[in-house]
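Q: Hi! I'm new to this one and would like a friendly tour. Could you show it to me?

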Amino acid sequence: MLQGQRALVTGGSQGLGLAIARKLAHLGCSVTLVARNESKLKANIADFPSDARHDYLVMDLQRPNFTQLASNLQSKTILVNCAGISNHSLLPRLSDDQIAATINLNLTTPIILSKLSYKHMLKNNQDFVPTILNIASVLSYTKITMPGTSVYAASKAGLLGFTQSLASELKNKVRVNALLPGLIAETEMGASVKIPIKKVGLDECAEQAVAMIMDQKLSGRCVVFDAKGKREI
């Protein structure tokens, strides 16, 4: 189903972004990875199937080159906004710059990337309805909370509002959805959390993300996927 489709995945050097990108590549999709670490990006691309063209952009999305991204997004039918940063400090201990950086990377950058994709995806709407998948968090709009993550939770909650509003605006001509993963043990964030909380597998989360990308009727949905399973909010 994804043969001939072209995806851009942010946060593609490791963790969930890489896991999603790898599954897309194995389904025949051409994938562009965006992250800061060139050696990891190069190794990841080399490990992808060779029957589709894959590439990468070395970029710090806290200081993005939107001109370069706009050029690359012209041909894309799939955008996965996965890059993000978290805070593990109580609010009074965070600097203003740390707060702004968290909001910018987790919320502002996905909004601008979606804007840059918008018109091109409408033109590319043929056999496959283009899609934007925003990776939020189980902390963003559930009863699950964790001390020191208030700004992170706020940024990811904002991403949910953006997802639903943009999906309505696009009227299924481009599908926009959000995945709210639980704590993933295999990621840096998951490994750093020491409090007793049930975690979810990386591969399982990536499978759920790809299922949402492939579901041609799914739009405007915010799907939680954690140790309790899958549910919408």
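A: Happy to. One term to begin with: contact means heavy atoms within 4.5 Å. Keep in mind too that this is a predicted model.

Q: Okay, let's use that term. Which residues is Arg221 in contact with, leaving aside its neighbours within four places in sequence?
A: Arg221 meets Thr163, Val176, Asn177, Ala178, Met212 and Glu232.

Q: And where is Arg221 found?
A: In the loop between α7 and β7. With a relative accessible area of 34%, Arg221 is partly exposed. Its C-alpha is separated by 13 Å from that of Ala211, and these two are 10 residues apart along the chain.

Q: Switching to cysteines: how many disulfides does a search of the whole structure find?
A: Zero.

Q: Why is there no bond for Cys205?
A: Because the closest cysteine sulfur, in Cys82, is 10.0 Å from the sulfur of Cys205, which is too far for a bond. A disulfide needs the two sulfur atoms within 2.5 Å.

Q: What about Cys222?
A: Cys222 is in no disulfide either. Its nearest cysteine sulfur is that of Cys205, 16 Å away.

Q: Are those two buried or exposed?
A: Cys205 is buried, at a relative accessible area of 0%. Cys222 counts as buried as well, at 1% relative accessibility.

Q: What's in the largest nonpolar core?
A: That core has 36 residues, and Leu16, Ile20, Leu24 and Val31 touch the most other members.

Q: Which helices and strands supply at least two residues each?
A: Among the helices there are α1 (15–26), α2 (38–47) and α7 (202–214). The strands are β1 (6–10), β2 (30–35), β4 (78–81), β5 (131–135) and β7 (222–226).

Q: Can we zoom in on Ile20? What does that residue touch?
A: Not counting residues up to four places away in sequence, Ile20 touches Val80, Ile135, Ala206, Ala209, Val210 and Ile213.

Q: Is there another core, and which residues are among its members?
A: Another core, of 21 residues, lies apart from the largest one. Leu8, Leu79, Leu107 and Ile132 are among its members.

Q: New topic: where is the place of Ala83?
A: Look in the loop between β4 and α4 (96–123). Ala83 is buried, with a relative accessible area of 14%.

Q: What does Ala83 touch?
A: Leaving out residues up to four places away in sequence, Ala83 touches Thr10, Gly11, Leu61, Leu105 and Asn106. Another distance to try in the viewer is Ala83 to Gln14: they are 69 residues apart in sequence and 9.9 Å apart in space, C-alpha to C-alpha.

Q: Pockets next. What volume has the second largest pocket?
A: About 160 Å³. It is lined by 11 residues, and those closest to its centre are Ile144, Lys198, Asp226, Ala227 and Lys228.

Q: How does that lining split by class?
A: Six residues are nonpolar, one is polar and four are charged.

Q: Last one: what is phi of Lys171?
A: It is near 50 degrees, a positive value in a residue other than glycine. Most residues other than glycine have a negative phi. Asn172 also has a positive phi, of about 70 degrees, although Asn172 is not a glycine.

Q: Where is the place of Lys171 and of Asn172?
A: Lys171 is in the loop between α5 (150–170) and β6 (175–181), and Asn172 is in the loop between α5 and β6 too. Lys171 counts as exposed at 62% relative accessibility, while Asn172 counts as partly exposed at 48%.

Note on methods: Residues numbered from 1 in each chain as written. Predicted model: local features only at pLDDT ≥ 70, side-chain atom pairs only at ≥ 80, totals over all residues. Heavy atoms only, no water. Buried < 20%, exposed > 50% of the residue type's maximum accessible area, 1.4 Å probe, protein only. 1 Å grid on protein atoms, 1.4 Å probe; cavity = no way out; pocket = protein on both sides within 12 Å on 5 of 7 lines; lining within 4 Å. Points joined across faces, edges and corners; volume = space filled by probe spheres on them. Nonpolar A, V, L, I, M, F, W, Y, C, P; charged D, E, K, R; others polar. Core = buried A, V, L, I, M, F, W, Y, C linked by side-chain atoms within 4.5 Å. Helix = DSSP H or I, 4+ residues; strand = E, 2+ residues; numbered from the N terminus.
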